[in-house]
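Hi,

Here is the model I said I would pass on. Have a look at it first, and then read my notes underneath.

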Amino acid sequence: MKLSKKIIVYLIVVISAVNISFAAEISTEAKLQYNKGVDMYRVGRYEEAIDAFEKAVELDPDYIDAYYNLGSILEFIKQDDAALAVFKQIILRKPTDYESVYKAAALSVKLGQQEQAKSYLSLIPQTSIVNSKAQELAASMNTDMQTIKIEQKEAAEQSQKISQSNGVYENLGSPTGMITDKNGNLYVAGFSDNAIVKISPDGNRRLFVKDSRLNGPIGLEIDSAGNIYVANYNANNVLKISSTGAISVLIANIPKPYALHIADGLLFISAQGSNSVIRYKL
């Protein structure tokens with residue numbers, strides 16, 4: 001199947017002829033859901049289109065076009081917060097997708113988040129095809145792209161002066177549980193993103209896990225072998241992520257698991273749904 005980027009904007013579907021380099025990696029089922037989403041959009045069945053695109057990215061978490069169309073529909077039906085969250089997912093996976101960076105900036109302006117909008121605009125190079133739109137958006141905030149880039153550079157330089165014991169990790173999707181491994185890497189569960197982000201000691205971050213089995217992750221814990229345990233709140237189970245990245249359900253049928261703790265070879269899980277603490281031998 002030959003894929004092309006389908007961009008949905010204000011009731012117009014524009015299909016470009018640019019092939020996506022990772023098309024071979026996209027599963028057939030995800031493509032079918034993607035095409036269903038386009039079809040449902042064309043006939044004005046937006047909720048069904050949203051559902052199809054959500055299923056496509058659940059099947060293939062790196063399906064950039066599906067994210068873009070999902071975000072565009074959410075923006076069109078004025079669910080701006082949800083749309084911004086989707087475009088953030090694209091930026092996390094592909095920071096050079098400047099169309100999505102611009103979308104995130106524009107949505108941030110609509111939501112009254114001007115400083116966040118400026119941080120996105122500062123990422124857009126002058127050679128980008130969205131640069132002129134970015135200039136217009138900057139002007140709407142009574143500034144310009146050059147000023148924004150200078151301000152953001154100065155802010156970045158200032159943040160580097162902050163000692164390593166202080167600082168802020170921003171733009172995380174509803175962060176909940178956190179753990180660190182023996183190398184000092186920080187793992188942060190994102191409740192709304194159904195993902196876990198890994199942040200290295202030098203501040204670099206990457207998507208550690210984005211999987212359909214993650215559903216409302218809250219509590220995290222790690223054992224001496226580097227296995228990570230996840231309190232999967234909405235799925236009523238506890239997941240185990242091995243040191244090699246393999247994911248499995250460790251314990252099922254736990255009502256609303258929340259906090260995790262490991263001691264003496266035992267995993268303790270607080271279950272909010274049953275007002276109890278469960279002890280499990282590892």
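Below is what I found, going from the helical part to the strands.

Before anything else, please keep in mind that this is a predicted model, and that the values I quote were computed from it.

**The repeats**

The UniProt record, an unreviewed entry, carries the annotation "repeat: TPR" for residues 30-63 and 64-97. The model is helical in both places. Residues 30-63 come out as 79% helix and 0% strand, with the end C-alpha atoms 8 Å apart. For residues 64-97 the figures are 79% helix and 0% strand, and there the end C-alpha atoms are 9 Å apart.

One residue to click on here is Val-86, which sits in helix H4. Is Val-86 buried or exposed? Its relative accessible area is 9%, so Val-86 is buried, the cut-off being under 20%. Its C-alpha atom is 5.4 Å from that of Gly-71, although the two residues are 15 apart along the chain.

**The second largest pocket**

This pocket holds about 540 Å³ of space. Its lining is made up of 21 residues, and the ones nearest the centre are Glu-54, Val-57, Ser-192, Asn-194 and Lys-210. Which helices contribute at least two residues each to the lining? They are helix H2 (46-59), helix H3 (64-76) and helix H4 (80-93). By type, the lining has ten nonpolar, six polar and five charged residues.

Asn-194 deserves a second look. It is in the loop between S4 and S5, and it has a positive phi of about 50° despite not being a glycine. With a relative accessibility of 21%, Asn-194 counts as partly exposed.

**The sheet S3-S4-S5-S6**

Four strands make an open sheet here, in the order S3-S4-S5-S6, and they pair in the antiparallel sense. Strand S3 (175-180) and S6 are the edges; each has a single partner strand, so one side of each has no neighbour in the sheet. On average, neighbouring strands of this sheet are turned by 25° against each other, ignoring direction.

Inside the sheet, strand S4 (residues 186-190) pairs with S5 over five bridges, antiparallel. If you want one pair to find on screen, Ala-189 has Ile-196 in S5 as its bridge partner. Strand S5 (residues 195-199) is also joined to strand S6 (residues 205-210), again antiparallel and over five bridges, and Ile-199 stands opposite Arg-205 in S6. S5 and S6 form a hairpin with five residues between them, and in its turn Gly-203 has a positive phi of about 95°.

Just ahead of this sheet, take a look at Asn-171, in the loop between helix H8 (145-160) and S3. Asn-171 has a phi near 60°, which is positive for a residue other than glycine. Its relative accessible area is 46%, so Asn-171 is partly exposed.

**The sheet S7-S8-S9-S10**

There is another open sheet of four strands, ordered S7-S8-S9-S10 and paired antiparallel. Its edge strands are strand S7 (217-222) and strand S10 (247-251), each of which pairs on one side only. Neighbouring strands of this sheet are turned by 30° against each other on average, direction ignored.

How many bridges join S7 to S8? Four bridges link S7 to strand S8 (residues 228-232), and the two run antiparallel. One of the residues to check is Pro-217, whose bridge partner in S8 is Asn-232.

**The hairpin of S12 and S13**

Further along, strand S12 (residues 266-271) and S13 run antiparallel and are joined by six bridges. Ala-271 has Ser-276 as its bridge partner in S13. The hairpin has four residues between its strands, and Asn-275 takes a positive phi near 50° there.

Why does strand S13 (residues 276-281) lie largely in the open? The number of buried residues among its six is zero, so S13 lies largely in the open.

That is what I have for now. Shout if something is unclear.

Cheers

Notes: Residues are numbered from 1 along each chain as its sequence is written. This is a predicted model: local features need pLDDT of at least 70, side-chain atom pairs count only at pLDDT 80 or more; totals for chains, interfaces and linings use all residues. Side-chain values use heavy atoms; hydrogens and water are left out. UniProt positions are given in the numbering used here, feature names are shortened, and annotations may be inferred rather than shown by experiment. On a 1 Å grid over the protein atoms alone, a cavity is a set of points where a 1.4 Å probe fits but cannot get out, and a pocket is an open set with protein on both sides within 12 Å along at least five of seven lines; lining residues have an atom within 4 Å of a point. Grid points are joined across faces, edges and corners, and a volume is the space filled by probe spheres set on the points. Ala, Val, Leu, Ile, Met, Phe, Trp, Tyr, Cys and Pro count as nonpolar, Asp, Glu, Lys and Arg as charged, and the others, Gly among them, as polar. Two strands pair if DSSP finds at least two bridges between them. Axes are lines fitted to C-alpha atoms, for helices over the stretch in contact, and angles run from 0 to 180 degrees between N-to-C directions. Buried means under 20% relative accessible area, exposed over 50%, partly exposed in between (1.4 Å probe, protein chains only).
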